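Trainee: Could you take me closely through a single part of this protein, namely how one helix packs against its neighbours? I would like a connected account that I can follow residue by residue.

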Amino acid sequence: DSRASRLLEMEQEANAFASELLMPTAVFRRLLQQYGEPDLEQVQALSVHFDTSIQATAHRFLRLSDYPVAFVFSHNDTITYWTRGPEFPFRMRIRNGSPLPRESLARGSGQGLAEMEALDGLTWLSDERDERLPDTILEQTLFQRDGYKVTMLYVDDLPSDDDD
């Protein structure tokens, strides 16, 4: 209904306003430029710098990063939701409410920030449209309290049309 869609639109506008207020684009981008390839340690540092949640900072990171990244938010090995940045051109194999992929290193318990690890691209990415997928995808997980996790997915070697 139009009332529900208007409320959703208003919430999105409020979130965008709050995000810009708390993490101004110019400042956030300048800090991003000081980093190399994406890493959840950067998201943690930016979260501390701006005094914002990991989740809000990850969303801002997605929108302002030039890298092909996606984030998966999960609780007790079940995907709460996932989101991808504008530079991430692939379809995901996962669905909200489904378990983390069996091959994912995010499964199970851990502490703190895991190392970035290379996994088969099909662990997370869908090949249902016969698109060119990367052989590997980099995965890194931040283990939080009470079974909550955020996993960054990063494709550091995008396939090109002349890779045949």
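Mentor: What follows is a look at one helix and its two contacts with other helices, in a model that is predicted. Two packed helices are described by the angle between their axes and the distance between those axes, and I will keep to that order here.

The helix to look at is α2, residues 25-33, and its packing against α4, residues 54-64, has an angle of about 80 degrees, with the two axes 11 Å apart. Angles of 65 to 115 degrees count as roughly perpendicular, and α2 and α4 are therefore roughly perpendicular to each other. On the α2 side the contact is formed by Thr25, Phe28, Arg29 and Leu32, which meet Thr57, Arg60, Phe61 and Leu64 of α4. Sorted by class, the residues joining α2 to α4 are four nonpolar, two polar and two charged.

Turning to α3, which spans residues 40-50, the axis of this helix and that of α2 come within 11 Å and cross at roughly 145 degrees, and the crossing of α2 past α3 is right-handed. Here α2 contributes Val27, Phe28, Leu31 and Leu32, while α3 contributes Leu46, His49 and Phe50. By class, this contact of α2 with α3 has six nonpolar residues, one polar residue and no charged ones.

Reading the two contacts together, Phe28 and Leu32 of α2 take part in the contact with α4 and also in the contact with α3.

How values were computed:
Residues numbered from 1 in each chain as written. Predicted model: local features only at pLDDT ≥ 70, side-chain atom pairs only at ≥ 80, totals over all residues. Heavy atoms only, no water. Axes fitted to C-alpha atoms, helices over the stretch in contact; angles between N-to-C directions. Helix = DSSP H or I, 4+ residues; strand = E, 2+ residues; numbered from the N terminus. Parallel < 35°, antiparallel > 145°, perpendicular 65-115°, else oblique. Contact = heavy atoms within 4.5 Å. Nonpolar A, V, L, I, M, F, W, Y, C, P; charged D, E, K, R; others polar. Left-handed = near helix turned anticlockwise from the far one by under 90°.
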